[in-house]
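User: I'd like a close look at one part of this model. Please pick a stretch, walk me through it, and then show me how it sits in the rest.

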Amino acid sequence: MWTATIETERLGKRYGRTTALTDCTLRIPAGRIVGLVGPNGAGKSTLLGLTCGLIAPTSGSIAVLGNRPAAGAAQLARVGFVAQDAPVYSGLSVADHLRLGARLNPRWDMPLAQRRIKQLGLNPAQKAGRLSGGQRAQLALTVAAAKRAELLILDEPVAALDPLARGAFLRDLLDFVAELGVSVVLSSHLLGDLERVCDHLIVLAAARVQLAGDVADLLAVHYRVTGTRADLPAGAEIVHAEHNARASTAIVRSTGPIPGAEHADLEDIGLAYMTRTTEPLEAQR
Amino acid sequence: MIWLTLRQFRTQAVAALAALTALAIYLVILGYQIRHAYTTDIVGCAPASCTSARHDFAEAYELQVTLIGAVLLGVPALIGVFWGAPLVTREFEEKTDRLIWNQSITRTRWLAVKLTLLTVISMTVTGLYSLLLTWSASRYDQLIGDRFGALTFASRNITPIGYAAFAFLLGTVIGLLVRRTLPAMALALALFTMIQILMPTALRQHLMPPVTSSVQLDAEAISRADFMGFDESGARIDGYTMPGAWSLTSSSQVLHADGTPFTTEQAEQCRQSDQQARMECTAKQNLHFSYTYQPADRYWRFQWIELSAFLGLTMLLTGFGFWRIRARH
């Protein structure tokens, strides 16, 4: 078996008394486009920060591409990261950013970087501080991508973009990832953003991993059950149920088929796992 | 990394260069003026008017030399506040730490390059300025100056170089701890100013154990003192200064050879109208007083000790900075 892209064991991070992430055990196979979803404050940025080594865990362990995150220059070269809000140096020009990348990364792909800047229609002499939010996100992504890392981590890459730009950004990202052949982890608080691009999903809520797995596998075992749910097969588990005056709808996890129930879509599944943490246990029964 | 450091430093470098150039021009002009005044008025003074020539010379340049010395003292502070403090905080505030620390370069290396380059630049800028001022004010210092004076000592020769390195690291390390630019700047300025005040008032005199000796009260000793007077316990001499030395006693009691005080009654015996005769009479009494000081020939040793001490502190701060930047929060 290949080395997993990310492997964590009871990983946890606390800030003083606040628990940002707890008991996180994951194994993400190589070559995936991973969607990390969860409400704001669920611990997504913490998990990504731990993955690229910006922060250190308070408990548990994490290995990225088989090594400790940010263990040295070699490990740093293997992981590309675009932080939330895509920070760039506002006083430096677009060309300066490419130069920075070229000077600080041994595997820097200058033709790729220049081609992207040209495609995006960015003026190399423009100061990064004068770019629009979308252009800034694109510049940050270009710098991370031209580094030619094996794993690309993007924290809320589309949060600052309008819906139209989101679609374009993600489509562009997909082409680009296929071209580079890298693993990708990208986070969003909206599953709708990631649904069409990711093939592996992690749902984080209340500092815990609620769900993790390949999208195809997840779709295969989740059902949407409406009306009375008298006879669920053995081993089926109700993830989350919603009741209204007329009927109730439940998202059910079951390895065997449920007669008369349709498969749930990814957005329903993600939502079910996110919302169940915010409601008291009673409501789930 | 060197390219990036210099590229990010460009604005500050241009400002520093402009200020340094303006100051350099001023110092060169001042230096030539002082030199010219020294050769014409002091060296060539008519014997009768030498004292007043010296007085005029002091009066003409005192303000300028003092002010420019104070400005030099402010240079390390400015370096700490405007170069040191924002070095890391600006990255934190603009969140670019997340960009730069994810390039293929460790934070240790990032910090090492930044600190090395900018410390060297800080020391060079301050050193050049100090060198210029030392040259410019040399005739004044030679004639009037109090080399160990709080302002003079700290703004001449090599000690300012130590301050520059120290102030830069102090600003950087405070920035690493505080993580916000304005508070870091304020704190760096406050701390550095405090050290600059403590150094001449409380610390510097203890760098080497002072010398205490018994000085014979003669005409020369009296001429080197500000004032000689009497109180209930006897005669006192105030403000005596040995040539070029750093006086640590401002007032001492005048004593006989056997250690008993020289009283008002005894002084009455020498009461004569002629100043010269009175002084000779007093000198004959074989009087002495105790004087604690740092001798003149220790000046360079003090300069080196202070430079080394501040460079040592700089190293400590550097070590702390590296330890701190490795901590991932």
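Analyst:
**A close look at chain A, and then its partner**

For 285 residues, a compact globule would have a radius of gyration near 19 Å, and the 21 Å of chain A agrees with that. (That radius is taken over C-alpha atoms, and the globule rule is 2.2 Å times the number of residues to the power 0.38.) Keep in mind that this is a predicted model, where local features need pLDDT of at least 70, side-chain atom pairs count only at pLDDT 80 or more, and totals for chains, interfaces and linings use all residues. As for the labels, residues are numbered from 1 along each chain as its sequence is written, while chains are lettered from A and ligands numbered from 1 in the order in which they are written.

Along the principal axes, the C-alpha atoms of chain A fill a box of roughly 65 × 40 × 40 Å. Chain A has ten helices and 13 strands; these are DSSP runs numbered from the N terminus, helices being H or I over at least four residues and strands E over at least two. Buried residues account for 42% of the 285 in chain A. Here, buried takes 20 or more other C-beta atoms within 10 Å of a residue's own, exposed takes 12 or fewer, and partly exposed is in between, with C-beta atoms placed from the backbone. Take the contacts in chain A between residues at least 6 apart in sequence: 69% of them join residues at least 24 apart. A contact is two residues whose C-beta atoms, placed from the backbone, lie within 7 Å.

Now for the close-up, helix α1 of chain A. Where does α1(A) sit, enclosed or not? All nine of its nine residues, 44–52, are buried, so the helix is largely enclosed by the rest of the structure. The buried set runs through Lys44(A), Ser45(A), Thr46(A), Leu47(A), Leu48(A), Gly49(A), Leu50(A), Thr51(A) and Cys52(A). Just past the end of α1(A) comes Gly53(A), with a positive phi of about 85°.

Step back to the loop between β3 (33–37) and α1 of chain A, and you'll find Gly38(A). Gly38(A) is buried too, with 26 other C-beta atoms within 10 Å. Its contacts, not counting neighbours within four places in sequence, are Gly43(A), Lys44(A), His189(A), Val203(A), Leu204(A), Ala205(A) and Met274(A). So what about Asn123(A)? Gly38(A) and Asn123(A) are 85 residues apart in sequence, and their C-alpha atoms are 36 Å apart in space.

Further along, the loop between β4 (59–64) and α2 (73–78) of chain A holds Leu65(A), and Ala70(A) is in the loop between β4 and α2 as well. Leu65(A) has a phi near 55°, positive in a residue other than glycine, and Ala70(A) has one near 50°, again positive without being a glycine. Leu65(A) is partly exposed, with 18 other C-beta atoms within 10 Å, whereas Ala70(A), with 23, is buried.

Then there's the partner. Chain A offers 23 residues that are in contact with 17 residues of chain B. On the chain B side, α1 (2–8) and α4 (97–100) each supply at least two residues, and α1(B) gives the most, with three. By class, that side of chain B has six nonpolar, six polar and five charged residues. (Nonpolar means Ala, Val, Leu, Ile, Met, Phe, Trp, Tyr, Cys and Pro, charged means Asp, Glu, Lys and Arg, and the others, Gly among them, are polar.) For the complex, the predictor gives an ipTM of 0.87 and a pTM of 0.88.

Chain B itself has 13 helices and six strands. Its radius of gyration is 26 Å, well over the 20 Å that the globule rule gives for 329 residues, so chain B is more spread out than a compact globule. Its C-alpha box is roughly 85 × 45 × 30 Å along the principal axes, and 33% of its residues are buried. The mean pLDDT of chain B is 88, with 99% of its residues at 70 or more; pLDDT is the predictor's confidence in each residue, from 0 to 100.
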